[in-house]
Amino acid sequence: MGFWLELAASGLITGGIYAVVAIGLNLQYGLMRIMNISHGEFLMLGAYLTWLAHTTFGVNPFALMPAVAAALFLLGLVVYRFCFYRIARTAPSVEVIEARSLLVGFGLMFLVQNVVYLAWGADLRGYSYLAEPVEIAGARFMANRLAVFAFAVAASLLLLALLRWTMIGKAVRAMMQSPTGAQLVGIDTGVLHPLVFGGGLALAGVAGGLLSMVYEISPSMGEPYTITALIVITLGGLGSVGGSLIGGFILGLVEAFGMHFTSPSLKMVLSYGVLVAVLLARPRGLFSR
Amino acid sequence: MSAREQLAATLACGAVLAAAPWLLSDFLLSLALSCLMYAALAVSWAMFCGPTHYLSLATSAFFGLGAYVTAWSLESLPYGVAVLAGGLIGVAFAALIGAAVLHLRGAYFAVITFGLGELTLHLITYTEKTYFHTAGRIISDAPDNAAIYWTVLVLTLGAVATAILVRASRLGLALRGIGADEERAQTLGVDTRRVKILAFALSAFFPGALGAAMAVRWTYIEPLSVFNPFIGFQTVLMAMLGGAHTLIGPIVSAVFFSLVSEFLRLRFPYVFLLLLGLLLIALILYLPGGLASLLRRRGRADA
């Protein structure tokens, strides 16, 4: 019993992180058709910021999360203003926006990754935080993982609540449903787009900060998370934030149980298998109507 | 230029380039080889993706499969046959995935072609590890550099010639129609599904065959190096930066970027990629039609 609980919990814990990464990317795509392939690079930046501030000033990493989120939010505004704003304004069609933003994303990926390589080198970095076991119902967990999981779920739910019950959230949902309709009733894309883009990067940064508490970090850590995030938003449906949350948990569980029943070297085969299967059977996501 | 003139020009270039193994040093020959390889990859990518506006990230999957055909068969098959087989495997794989996913568009198509490539990579890694107990394979009797060069040259010329013929044919017209408005093309009697699968499979011959031809350049083959997604990304970037809807754009930009990356990458790896990133962003933002649109703009100013 304890064993299965541990397995399920480890799946849900990774799933929680996946959800935070994916929600940020999904907001950007759903709202602006920006397929930001460099999302994982900003996650990596968040991880490095957390690591740097924790090891130099000794601040509690959880207390750093708002600062990391704010820093990446501002960075997001800058990136949006200099790259994606121009694409959105000059591209003739949605398809062209997607293609160009994908390519600019590659550019950003090279740029950010190599700036970090130049600044801190290719070595693995890390610190130990709350690395002690906790026992719950006969199962043993690392305290830091539980804390990270709780924080990830809380952040995702907070975001869902914001989208559900605030004016900005309402505007974002309206814009996702019908961009033209939303503009007709007076929602300003000039304000909303940079705000949501920055918000997406802030989420990526927080996810990176959370990961740095559990795993070692390196400049190339971001890419796999970009891919996982793409898989998760495909599972949950492009543009559906709740879908991303559930999709993240599903992928985490599939990976945990799949690796247990087959072999750990099949982890990537499992995730890509899920992606391909979902895209073939239900290209609009598992929960689409 | 008419298609006939373009073919003649291609043939003339090929005749000149064929002399390279007698004239160039080993270093320059390998430089020429990588220029040719990327030119062929970019041209064959643009063959399908240029007119239809699809964004395929499957190039590294075709390339890697081709390379593994060589790795598995070079002991029993002659080099030329292995290259041909690599190309045919690329065609078969593309036809299979094309039939399954070509109804998806935009970001969905990009993501799934990338996912399928990675899926193949991990499946091959797993098969090799479980059934053959090996992480990679050593290629023992590789043909000499001149033979590899001529093979890749023939493939490059073949890719360019195919691209010219496709552009001039009904198939090319149908592809452009699909890119402009798929439903209208359907209404006008184009069997869009068949046309797309046919063109996608045809364009996959070259990356497959190139993978098989280039595999012998590595003495040690492992999935991560031959399925390297960077090969696919670079191809897409070169084709799009050159102007994917043109014939000459992808060739020029492939040669340019191969030269730049050979010279700078080894000396300043991080700075090079950083600058590449900046250049990429700047080009997409300020020259979205690709380098070819510069030429056209100048041509219009002259006229």
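# Exercises on a predicted two-chain model

Residues 24 or more positions apart make up 77% of the contacts in chain A that have a separation of 6 or more. The model is predicted. It scores ipTM 0.77 and pTM 0.81.

## Exercise 1. Chain A as a whole

Task: describe the elements of chain A and test its radius of gyration against the value for a compact globule.

Solution.
- Step 1. Count the elements. Chain A holds eleven helices and two strands.
- Step 2. Read their order. From the N terminus the pattern is α-α-α-α-β-β-α-α-α-α-α-α-α.
- Step 3. Apply the globule rule. For 289 residues, a compact globule would have a radius of gyration near 19 Å. Chain A has 19 Å, so the two agree.
- Step 4. Look at the extent. Along the principal axes, the C-alpha atoms of chain A fill a box of roughly 55 × 45 × 35 Å.
- Step 5. Add burial. In chain A, 50% of the 289 residues count as buried.

## Exercise 2. Chain B as a whole

Task: repeat the description for chain B, and say how confident the predictor is in this chain.

Solution.
- Step 1. Count the elements. Chain B comes to 15 helices and two strands.
- Step 2. Apply the globule rule. With 303 residues, the expected radius of gyration is near 19 Å, and chain B matches because its value is 19 Å.
- Step 3. Look at the extent. The C-alpha trace of chain B spans about 55 × 45 × 40 Å along its principal axes.
- Step 4. Add burial and contacts. Of its 303 residues, 49% count as buried. Among contacts in chain B with a separation of 6 or more, 80% join residues 24 or more positions apart.
- Step 5. Check confidence. The mean pLDDT of chain B is 86, with 97% of its residues at 70 or more. Among its elements, helix α15 (residues 291-302) has the lowest mean pLDDT, 61. Helix α10 (residues 192-214) has the highest, 93.

## Exercise 3. Two helices against the ruler

Task: compare the end-to-end spans of α8(A) and α3(B) with what 1.5 Å a residue predicts.

Solution.
- Step 1. Take α8(A), residues 189-214. Its 26 residues should span 38 Å. The end C-alpha atoms are 38 Å apart, so the span agrees.
- Step 2. Check its cover. In α8(A), 19 of the 26 residues are buried.
- Step 3. Take α3(B), residues 26-52. This helix has 27 residues and reaches 39 Å from first C-alpha to last, close to the expected 39 Å.
- Step 4. Look for a bend. α3(B) has a kink of about 40°, centred on Ala46(B).
- Step 5. Check its cover. α3(B) is mostly covered, with 20 of its 27 residues buried.

## Exercise 4. Positive phi

Which sites have a positive phi although they are not glycine?

Solution.
- Step 1. Recall the rule. Most residues other than glycine have a negative phi.
- Step 2. Find the site in chain A. Arg33(A) has a positive phi of about 60°. Arg33(A) sits in the loop between α1 (2-32) and α2 (39-57) of chain A.
- Step 3. Find the site in chain B. His53(B) has a positive phi of about 65°. His53(B) comes just after α3(B), in the loop between α3 and α4 (59-73) of chain B.
- Step 4. Classify each. The cut-off for buried is 20 or more other C-beta atoms within 10 Å. Arg33(A) has 23 such neighbours, so it counts as buried. His53(B) has 21, so it is buried too.

## Exercise 5. The surroundings of Pro207(B)

Is Pro207(B) buried or exposed, and what does Pro207(B) touch?

Solution.
- Step 1. Place the residue. Pro207(B) lies in helix α10 of chain B.
- Step 2. Count neighbours. Pro207(B) is buried because 32 other C-beta atoms lie within 10 Å.
- Step 3. List contacts, leaving out residues up to four places away in sequence. Pro207(B) touches Leu41(B), Ser44(B), Thr59(B), Phe62(B), Phe63(B), Gly66(B) and Gly90(B).
- Step 4. Measure along the chain. Ile197(B) is ten residues from Pro207(B) in sequence and 16 Å away in space, C-alpha to C-alpha.

## Exercise 6. The contact between the chains

Task: describe the side of chain B that touches chain A.

Solution.
- Step 1. Count residues. The contact takes 33 from chain B and 34 from chain A.
- Step 2. Assign elements. Those of chain B giving two or more residues are α5 (79-101), α6 (106-131), α12 (229-242) and α14 (269-286).
- Step 3. Rank them. α6(B) supplies the largest share, 14 residues.
- Step 4. Sort by class. This side of chain B has 26 nonpolar, five polar and two charged residues.

Notes: Residues numbered from 1 in each chain as written. Chains lettered and ligands numbered in written order. Predicted model: local features only at pLDDT ≥ 70, side-chain atom pairs only at ≥ 80, totals over all residues. Helix = DSSP H or I, 4+ residues; strand = E, 2+ residues; numbered from the N terminus. Expected span 1.5 Å × (residues − 1). Buried ≥ 20, exposed ≤ 12 C-beta atoms within 10 Å, placed from the backbone. Rg over C-alpha atoms; globule rule 2.2 N^0.38 Å. Contact = placed C-beta atoms within 7 Å. Nonpolar A, V, L, I, M, F, W, Y, C, P; charged D, E, K, R; others polar. Bend = angle between axes of the 7 residues up to and from the residue. pLDDT = per-residue confidence, 0-100.
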